[in-house]
Amino acid sequence: MKIVQQYLEDFVRHRPEPDCKYAEQFVFYHGEDYTLFPDQKAYIQRYGRKGACFHNALKLTQRYPDDLFYTEGFGSIPLDGQPHLVFGVHAWTVTRDGKVVDPTWKQGCEYFGVAFDLDYVLKIKARPGRLSVVDNFLDLHALWSGEHTDWRPKWAKDKLPRSGFVPYPRRKVS
């Protein structure tokens, strides 16, 4: 099993709460494993600034809105010849057939994430202070709770989350 997917499975296994409280849970339940597009230069003329993956991915998606989809999740980069998990949410783009085009990492090797509808991404990012769509604490993680429902790209509307996900937080009865 790939290191990123193993990390997410372990994370969810050790936090069995049925409602999402962490980005890792949302990505595990709604995301998928992506492979690298073999010809990055078909879309990328120059890599974006390191540390600006959310901006870089959005700009590339806007440049090719019919071909690429804004995606957030977790990834790995090679270190001493082995995949090394990068902690923290990362952003990239994917083609319609699930191939990664990453405008930030030149050597990303594993990706597991969630593709988003561009209109939803633009709506979230139009408000000040929003960098990540998945880890958007300024909106009290409305995406995780199921409050936001218009986030899937049109081609993925019929995809169901992995079993075990409950979209709305359970309220404790006192």
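Select arginine 15 to start: you'll land in the loop between H1 and H2. This is a predicted model, so treat the stops as features of a prediction. Arginine 15 is partly exposed, with a relative accessible area of 28%. Show what surrounds it and, sequence neighbours within four places aside, Tyr22 and Gln25 are in contact with it. Draw a C-alpha to C-alpha distance from arginine 15 to glutamine 25 and you should get 8.7 Å, for residues 10 apart in sequence.

**Zoom out**

Colour by secondary structure. The protein chain shows five helices and five strands, and reading along the sequence gives α-α-β-α-β-β-β-β-α-α. Of its 174 residues, 48% count as buried. Now think about contacts with a separation of 6 or more: 63% of these in the protein chain are between residues 24 or more positions apart. If you turn on the surface, the accessible area is about 9700 Å², with 54% of it belonging to carbon and sulfur atoms.

**The S2 strand and its partners**

Next, pick S2, residues 68–79. How many of the 12 residues of S2 are buried? Nine, so the strand is mostly covered. On one pairing, S2 meets S3 in the antiparallel sense over 11 bridges. To see a single rung, select glutamate 72 and look across to alanine 91, its bridge partner in S3. Follow the two strands to their turn: S2 and S3 form a hairpin with two residues between them. Click aspartate 80 there and check its backbone, since phi is positive, about 55 degrees.

Then bring in S5, which runs antiparallel to S2 and is joined to it by six bridges. A handy pair to display is phenylalanine 74 and phenylalanine 112, where the latter sits opposite in S5.

**Into the core**

Keep phenylalanine 74 on screen, as it is one of the residues with the most contacts inside the largest nonpolar core. That core has 31 residues, and the other best-connected members are Leu8, Phe26, Tyr70, Phe116 and Leu143. Colour the contributors by element: H1, H2, H3, S2, S3, S5, H4 and H5 each supply at least two residues of this core. Hide that set and look for a second, separate core of eight residues, including Tyr34, Trp92, Trp105 and Tyr111.

**Helix H3**

Select residues 53–63. In this helix Cys53, Phe54, Asn56, Ala57, Leu58, Leu60 and Thr61 are buried. What do the buried residues of H3 pack against? Show strands S2, S3 and S4 together with helix H4, and you have the answer.

Glutamine 62 is in H3 too. At 33% relative accessibility, glutamine 62 counts as partly exposed. Beyond its neighbours within four places in sequence, glutamine 62 is in contact with Leu118 and Leu122. For leucine 118 the C-alpha separation from glutamine 62 is 8.0 Å, with their positions 56 residues apart along the chain.

**A buried histidine**

Jump to histidine 30 in helix H2. Is histidine 30 buried or exposed? It is buried, because its relative accessible area of 12% falls under the 20% cut-off. Switch on side chains and you'll find a polar contact at 3.0 Å between histidine 30 and arginine 152.

**Last stop: salt bridges**

There are three to find.

- Lysine 2 and aspartate 33: the side chains meet at 3.3 Å, N to O. Lysine 2 is in the segment before H1 and aspartate 33 is in S1, so the pair links distant parts of the chain, 31 residues apart. Both ends are partly exposed, lysine 2 at 31% and aspartate 33 at 33%.
- Arginine 13 and aspartate 10: their closest N and O atoms are 2.7 Å apart. Arginine 13 and aspartate 10 are separated by about one helical turn, because they are three residues apart in helix H1. Aspartate 10 counts as partly exposed, at 26%.
- Aspartate 150 and lysine 123: this bridge is 2.9 Å, N to O. Aspartate 150 lies in the segment after H5 and lysine 123 in helix H4, so the pair ties together parts 27 residues apart in sequence. Aspartate 150 is partly exposed at 35%, as is lysine 123 at 39%.

Methods: Residues are numbered from 1 along each chain as its sequence is written. This is a predicted model: local features need pLDDT of at least 70, side-chain atom pairs count only at pLDDT 80 or more; totals for chains, interfaces and linings use all residues. Side-chain values use heavy atoms; hydrogens and water are left out. Helices (H or I, at least four residues) and strands (E, at least two) are DSSP runs, numbered from the N terminus. Buried means under 20% relative accessible area, exposed over 50%, partly exposed in between (1.4 Å probe, protein chains only). Contact means heavy atoms within 4.5 Å. Accessible areas come from the Shrake-Rupley method with a 1.4 Å probe; for residues, only the protein chains shown count as cover. A nonpolar core is a set of buried Ala, Val, Leu, Ile, Met, Phe, Trp, Tyr and Cys residues joined through side-chain atoms within 4.5 Å. A polar contact is a pair of N or O atoms within 3.5 Å; within protein, one must be able to donate a hydrogen and the other to accept it, and residues adjacent in sequence count only if both atoms are side-chain atoms. Two strands pair if DSSP finds at least two bridges between them. A salt bridge is a side-chain nitrogen of Lys or Arg within 4 Å of a carboxyl oxygen of Asp or Glu.
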